[in-house]
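Trainee: Could we take a close look at a single part of this model? I'd like to know how it is placed and what lies around it.

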Amino acid sequence: MTDTQTRVLILGSAPAAVAAKDWERSPFTHIVAINNAWRIRNDWDVLIHPEDFPVENRPAAALSSQSIVGAADYVPLQNDYGGFVYAGGTMAFTAGYWALAALRPSVLAYFGCDMVYPSAGKTHFYGTGAADPLRADVSLRSLEAKSARLGLFGAAQGCRIVRLSNGESRLVYPSVASTSLGSVDLPCTHGMSAALQREKELGYYVPSGRYWEHSDAFDTDRIDELDKMWLSAYRQSALGKVA
């Protein structure tokens, strides 16, 4: 059941993410930092990172109130939402599904996760890094569609997913202020059923989460068709939105 009091900030590593350093904590009950974003604020609650996140980039110590989430924790939970091929194999989406499952929030608010990278200069707040979501990957062919899917899964359990940034974003969520996190309507989830049925028919499920080891089994044309279904379902959901 969704906890109506739980409001989660998911913090990424875009150059603009440093603005969150000075934000009031009160709008959020939890701060989930992705990879290096734990460096932005010292009051983070959860650090979530992939298996290959360098040890030297992890905090040397954590408070008793802080927890670190790795693959052993998030793979089973993301599998509950259909697995990585359908959900998108990058940490912005993995953090979202983990939070939906583990925290059951009423709001997920993204900041520093727009997945738009400048052609020159800093790509991340700490300097220049690899644009993980833009790599050639069978699960990341449409970042917009993968964000739409997450948005609808959130809505299905009563969670509004928003972003706290303005301007260009690969996330399809409405942009809001931290003082009005619950101001948007929940998307209508009626369009999910056809896309979920198509996922079931395709059977692109890898329990280990290591989907790249089975890439020959996935038809990219079918994945593109599925992505279009999710994106269409989210965009049309505004016509049937619920309060």
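Mentor: Gladly! Let's agree on one term before we start: a residue is buried under 20% relative accessible area, exposed over 50% and partly exposed in between, with a 1.4 Å probe and protein chains only. This is a predicted model, in which local features need pLDDT of at least 70 and side-chain atom pairs pLDDT 80 or more, while totals for chains, interfaces and linings use all residues. Numbering starts from 1 along each chain as its sequence is written, and side-chain values rest on heavy atoms, without hydrogens or water.

Let's choose helix H6 (220-237); helices (H or I, at least four residues) and strands (E, at least two) are DSSP runs numbered from the N terminus. The length of H6 is what its 18 residues lead us to expect, because 1.5 Å a residue should give a span of 26 Å and the end C-alpha atoms are indeed 26 Å apart. That expected span is 1.5 Å times one less than the number of residues.

Now turn to the covered face. Ile223, Leu226, Asp227, Trp230, Leu231, Ala233, Tyr234 and Ser237 are the buried residues of H6. Because their arc around the axis is only 155 degrees, they sit on the same side of H6, with directions taken from the helix axis to the C-beta atoms. An α-helix has 3.6 residues a turn, so residues three or four places apart point the same way. The other side of H6 has Asp221, Lys228, Arg235 and Gln236 exposed.

Among these, Arg235 deserves a stop. It belongs to H6, and its relative accessible area is 58%, so it counts as exposed. From Arg235 to Cys188 the C-alpha distance is 9.8 Å, although they are 47 residues apart in sequence.

What do the buried residues of H6 pack against? Their partners are H2, H4 and helix H5 (192-202), with contact taken as heavy atoms within 4.5 Å. The largest cavity, a set of points on a 1 Å grid over the protein atoms alone where a 1.4 Å probe fits but cannot get out, has as its lining the residues with an atom within 4 Å of a point. Val85, Tyr86, Lys146, Arg149, Glu199, Ile223, Leu226, Asp227 and Trp230 form that lining. Two or more residues come from each of helix H2 (84-87), helix H4 (143-156) and H6, and H6 gives the most, with four.

From here it is a short step to H4. Its 14 residues reach 20 Å from first C-alpha to last, close to the 20 Å expected at 1.5 Å a residue. Twelve of the 14 are buried, so H4 is mostly covered. Among the buried residues are Lys146 and Arg149, along with Leu143, Leu150 and Phe153. The cover over the buried residues of H4 includes H6, H2, H5, H3, strand S5 (105-111) and strand S6 (160-163). After H4 comes Gly158, whose phi is positive, near 80 degrees.

Two residues in the loops around these elements have a positive phi without being glycine. Arg104, in the loop between H3 and S5, has phi near 50 degrees and is partly exposed, with a relative accessible area of 28%. Met115, in the loop between S5 and H4, has a phi of about 60 degrees and is buried, at 6% relative accessible area.

How values were computed: On a 1 Å grid over the protein atoms alone, a cavity is a set of points where a 1.4 Å probe fits but cannot get out, and a pocket is an open set with protein on both sides within 12 Å along at least five of seven lines; lining residues have an atom within 4 Å of a point.
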